[in-house]
Amino acid sequence: MPTGAPRVFVSHLAGVAVFDPNGDQVGRVRDVVAMLRLAGRPPRVLGLVVEVIGRRRIFLPMTRVTGVESGQVITTGVLNMRRFEQRPTETLVLGELLDRTVRMVETGDPVTVLDVAMSQLPSRRDWEIDKVFVRRGRTRALRRRGEALTVDWSAVTGFSLEEQGQGAENLLATFEQLRPADLANVLHHLSAKRRGEVAAALDDERLADVLEELPDDDQVEILGKLKEERAADVLEAMDPDDAADLLSELPEPDKERLLDLMRPRDAADMRRLMSYEEGSAGGLMTTEPIVLRPDATVADALARVRDQDLTPALAAQVYVCRPPDQTPTGRYLGIIHFQRLLRDPPFTLVGAAVDSDLPTLPPDTPLPVVAGHLATYNLLAAPVVDETGSLLGAVTVDDVLDHLLPPDWRERELYAGMALPEAADGR
């Protein structure tokens, strides 16, 4: 490779913005597509997987990349908006090569792939992967010499072999800043094998957040690959309504085994949610809104609202009940919106500031009526109350949208009626 030829480590491209020649952002890089070759020849880089509007993934050929520098990718401005479909001869570098165990050609020692680097050839149209950043084994002697090193592609072997138990540490490090919905999109586009490995490497809270953003089929597949004890822990970490929806997708014996492994209170919430008709207020609600007694203060309410684990919809208001201050037995008195909490002095009792005039939703309220209720009163969430006046839970606008949108809304084309330029991608 000539001196000064561009070299880029692929992990540094993850999430990098892609711009057209006018400086308008068209998407973000999610992976690199390469084609492995025989006899130790460096893989040819075919292009980039770019996520554009609506989380749609397209293929951007390297021949249409005019610059990879300063944390950005510049294109010719002509994109083929057809959805990317991986071909059998193609390899996703981030999704499939990172964390692999390969061997040094010279010594046969196993090493773990931390990253790979791609370089532009003298033709300035083609790129290839020419360097591999690896970590040696963890013996004491090697630790004194240093564990990580960069070697030529030809110095390692084993990339084309099927590997069981491939780790996910470096792939997750590459995407650690992604929001749960974006990480879910990454998982959805991995192979089933790789998806299971990445899910196994996530902690329970992170995996719970990601599962809530995945299609039902992916949720069931991932949960089925976890040990039952861990699957129960992940379900407990999910929002109750999302966990109940996922349990409802499982065969009855599997569902009962997982419920038996869960904490009694969480299992009781799951069973209660699954007892309501799908699409009703009871089936949509969460059983964990912010509930306070009337003698709590505004300062108490604001402290609860500050919980970073709450969604914006749940943090928008608190629900006031007579003891016991928890669902489903607390006697509902009313709600206090977040704005009211900001206006009143901290020592004010919530019982004196409660809004008791807002209508509540019975648990059998159908989805269209729930949606109309939120729209009519400009609410992010609404209380669900039974005939005895007990607070059962709260329906949030995000759960209503999830059920109003088509089942495959995460995969739907958002380009109907748009005139989009087409270009041959050379694949």
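Which elements each supply at least two residues of the lining of the largest cavity? Keep that one in mind while we look around this predicted model.

## Inside the largest cavity

Here's the answer: α9 and α17 each give at least two residues to the lining of the largest cavity. The space in there comes to about 60 Å³, and the structure holds four cavities of 30 Å³ or more.

Who lines the largest cavity? Asp 239, Asp 241, Asp 242, Thr 286, Thr 311, Leu 314, Thr 396, Asp 398 and Asp 399 do. Sort this lining by class and you get five charged residues, three polar ones and one nonpolar one.

## The largest pocket

Now for the largest pocket, which offers about 900 Å³ of space. It has 28 lining residues, and those closest to its centre are Glu 212, Asp 239, Asp 309, Leu 310 and Thr 311. Two or more lining residues come from each of these elements: α6 (204-211), α8 (228-237), α9 (240-248), α14 (312-315) and α17 (397-404).

Which element gives the most to the lining of the largest pocket? That's α17, with four residues. As for chemistry, the pocket lining splits into 15 charged, ten nonpolar and three polar residues.

Spot the overlap: Asp 239 and Thr 311 are among the residues closest to the pocket's centre, and Asp 239 and Thr 311 also line the largest cavity.

## A covered strand and its partner

Next up is strand β17, residues 381-385, where five of five residues are buried. Is that true of one face or both faces of β17? Both: Ala 381, Pro 383 and Val 385 sit on one side, Ala 382 and Val 384 on the other, and all are buried.

β17 pairs with strand β18 (residues 391-396) in the antiparallel sense, over five bridges. If you want to find a matching pair, look at Pro 383, which stands opposite Ala 394 in β18. The two strands form a hairpin with five residues between them, and in this hairpin Gly 389 takes a positive phi near 90°.

## Out on a loop

Finally, pay a visit to Asp 357, in the loop between α15 (338-343) and α16 (367-376). Is Asp 357 buried or exposed? Its relative accessible area is 70%, so Asp 357 counts as exposed, the cut-off for that being over 50%.

How far is Asp 357 from Glu 96? Along the sequence they are 261 residues apart, and in space 56 Å separates them, C-alpha to C-alpha.

Conventions. Residues are numbered from 1 along each chain as its sequence is written. This is a predicted model: local features need pLDDT of at least 70, side-chain atom pairs count only at pLDDT 80 or more; totals for chains, interfaces and linings use all residues. Side-chain values use heavy atoms; hydrogens and water are left out. On a 1 Å grid over the protein atoms alone, a cavity is a set of points where a 1.4 Å probe fits but cannot get out, and a pocket is an open set with protein on both sides within 12 Å along at least five of seven lines; lining residues have an atom within 4 Å of a point. Grid points are joined across faces, edges and corners, and a volume is the space filled by probe spheres set on the points. Ala, Val, Leu, Ile, Met, Phe, Trp, Tyr, Cys and Pro count as nonpolar, Asp, Glu, Lys and Arg as charged, and the others, Gly among them, as polar. Buried means under 20% relative accessible area, exposed over 50%, partly exposed in between (1.4 Å probe, protein chains only). Two strands pair if DSSP finds at least two bridges between them.
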